[in-house]
Each structure stands twice: as C-alpha cells, then as structure tokens.
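Okay, thanks everyone, I'll keep this short. Have a look at the model on the screen, and then I'll walk you through what I found in it.

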Amino acid sequence: MNTAPQTHTHLHKTPLWGTHHAHGGKMVPFTGYDMPVQYEGMGVLKEHLHARQNAALFDVSHMGQAMLRTEGEDPAARLEKIVPTDILGLKPGQVRYTLLLNDRGGIVDDLMVTRWDDHTLYIVVNAACKEKDFAYIHAQLPGVMLDLLDDRALLALQGPKAEAILSGLIPAVRDMPFMTAKTIPYKGYTLYISRSGYTGEDGYEISVPATFAVALAQELLGHDEVKWVGLGARDSLRLEAGLCLYGHDIDDATTPVEANLKWTVSKRRRLEGGFLGAEKILAQLKEG
C-alpha cells in the first residue's frame, strides 16, 4: 500500500514542505496550505505524548506575521481601539494574547501582540483569518502601516525539554521569561524568538527567514528528543490545555465574556472603555 502523502498542487506550501514529505508527513489541505496532520511511524497519540514528555517541533509558517507601525504615535494606542487588552502597558519584548473585536463585541480573531519598540508591534494571527484580519486592521486603523512578513517561516518548539534543546544552540533563550520575545542573531540570520506557544507546554516560537527555515529545523531535529509533530496533535494539545480555537470555540458572534476570555479585558480597559463593542462587553461583565 502506498503511504506517500498526496500532493495538492493548488495549495500553498510552507518553506518546510519538502522536509515534512521527507519525514513521512501525511499532508492534508488546511487553510489553503498543504500541511502535515501527522507523521508516519508516530500518529496523533504518540505525537501528543511526545510533546508532553520531550520536545515537539511544529511548522506554523502558515500563520500570518506582520509588523504594525505608525509615525509619530504609539501603535498600541491605535490597536487598543479594536482590542480589549492593555497594549500601551507592554514594555519592549513583552508578548500578550488578545482579541480583535467588531462593533458588536464579537471576536474577529485571536492573536499574539509583541511590543518591538515605541513605533512597532509584531503581531501573529491565525492562518485561516490572516487575509481578513489584515484587511480589517487596515479598514479600522487608517494610516497604520502593516508590513506583512511573507518572507519568514514560523517554527514552534514545545515541550518540557524545549529550553534545554534551544538554549544549547542559542544560550540567550534560557533566561527568557514566559510571554517575552527577543531579536537574536544566529548564523548570519535574524531570528524573532518568543517564549510562548499554544500547547499548554513551555516552549518557543521562532520566526526565521524562509531561506534558513529548513537548516534550522534540521538542526533542532538533530536532537533525539525533538520530533516533528503535526496538526492533529497540535489540536489535541490545545484542547487538553483548554485553549480556544477560532472558528470552533470562538467566532465573530461570541464576546470575550461568553467565551470565558474575560481576562483579556484588562483592568484599565474596563475602567476606560474606548474599544469596539465595549458597551456590550462591559455590560456583560457587570451583569454577569
């Protein structure tokens, strides 16, 4: 029986597509990309347990990466018009999970926001929503510059052994607190590394130039504790950890309160309001 993954020529491929094929990835269509759902010889259960016990490597290059910039104004002040979280309070290198909102208080998408400097935020949005999200930000925040990082891949190294593995290559990541990020030069390339993830485990997300993605992945896979893990286990891991998936647990008709994500509405924002859907969301917080 031929177990080679099917090639979907009409689908986008991440810079790591060939590596997945070489490692026995079972490829499936996902948000317009040909992505590995699991790997030959492993399977979802083994991959799930490997992430909980060792270090799992995920290709999440299909996610939307962008730099949000302004001239003469803090971009956090602009972004706070469409998210309920305190972004102005972020210090350089701090990362925060938040929600894009519509005028009904519904969730357009969830995303990660990193303060780069006084004039730049780095954002990562969901693959299925990235075109919609970027168009929405442009429409809601006229004058804001959104530089799409289409020339970068994104790797997630997750699990209890992630720190030991990555710090062996890049010592600077060892002392990074959770939900912080650094720009780190490595072998002539600039990496954006955050200590974050969406599996419930400790770990890192590594934004890497597409031309260096395969070499970095192979370097990580050179450790016996590191294995490729596919979308199947990524979903089971986030589900076990109680993390929301956009389009399943949250959508544009669900408010942060209804989604049990009221912690994303920061204390200052509850007092000040001033974000889309605030009237409905603050009323729900008050009335239960």
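So, Tyr 198: buried or exposed? With a relative accessibility of 19%, Tyr 198 counts as buried, because the cut-off is under 20%. Keep in mind that this is a predicted model, so when I say buried, I'm talking about computed values.

Now, what does Tyr 198 pair with? Its ring partner is Tyr 97, and the two are stacked, with 6.4 Å from centre to centre and 20° between the planes. If you wonder why I quote two values, a pair of aromatic rings is described by the distance of the centres and the angle of the planes. Tyr 97 counts as buried too, at 11% relative accessibility.

Where do these two tyrosines come from? Tyr 97 belongs to strand E5, residues 95-101, while Tyr 198 is in the loop that runs between strand E11 (189-194) and strand E12 (203-209). The pair therefore ties together parts that lie 101 residues apart in sequence. Trp 263 joins in as well: ring pairs link Tyr 97, Tyr 198 and Trp 263 into a cluster. Over the whole model, the count is 8 aromatic pairs.

Rings also have charges sitting over them here. The charged end of Lys 13 is over the ring of Trp 17, 4.1 Å from the ring centre. Then there's Arg 234, whose charged end sits over the ring of Phe 58 at 5.8 Å from the centre.

Okay, on to the sheets. Just as a reminder, strands of a sheet pair through backbone hydrogen bonds, either parallel or antiparallel.

Let me take the sheet with E5 in it. This is an open sheet of 5 strands in the order E5-E6-E7-E4-E8, and the pairing is antiparallel. E5 and strand E8 (145-148) are at the edges with a single partner strand each, so one side of each has no neighbour in the sheet. On average, neighbouring strands in this sheet are turned by 30° against each other, ignoring direction. If you zoom in on strand E4, residues 64-69, you'll see it pair with E8 in the antiparallel sense over 4 bridges. Leu 68 has Leu 146 in E8 as its bridge partner.

The other sheet I want to show has E11 and E12, the strands on either side of the Tyr 198 loop. It's an open sheet of 6 strands, ordered E10-E11-E12-E9-E3-E13, and here the pairing is mixed. Which strands stand at the edges? Those are strand E10 (181-186) and strand E13 (226-228); each has a single partner strand, so one side of each is left without a neighbour in the sheet. The average turn between neighbouring strands is 25° in this sheet, again with direction ignored. E11 and E12 run antiparallel and are joined by 3 bridges, and Ile 193 has Ile 206 in E12 as its bridge partner.

Helix H5, residues 162-169, lies across E3, E9, E10, E11, E12 and E13, and runs at about 35° to E12.

Zooming out, the protein chain has 9 helices and 13 strands. Its radius of gyration is 19 Å, which agrees with the value near 19 Å for a compact globule of 288 residues. The C-alpha trace spans about 60 × 40 × 35 Å along its principal axes, and 55% of the 288 residues count as buried.

That's my tour, thanks.

Definitions and conventions:
Residues numbered from 1 in each chain as written. Predicted model: local features only at pLDDT ≥ 70, side-chain atom pairs only at ≥ 80, totals over all residues. Heavy atoms only, no water. Phe/Tyr/Trp six-rings, centres within 6.5 Å; stacked < 30°, edge-to-face > 60°. Buried < 20%, exposed > 50% of the residue type's maximum accessible area, 1.4 Å probe, protein only. Lys NZ or Arg CZ within 6 Å of the ring centre and 35° of its normal. Pairing = 2+ DSSP bridges. Axes fitted to C-alpha atoms, helices over the stretch in contact; angles between N-to-C directions. Contact = heavy atoms within 4.5 Å. Rg over C-alpha atoms; globule rule 2.2 N^0.38 Å.
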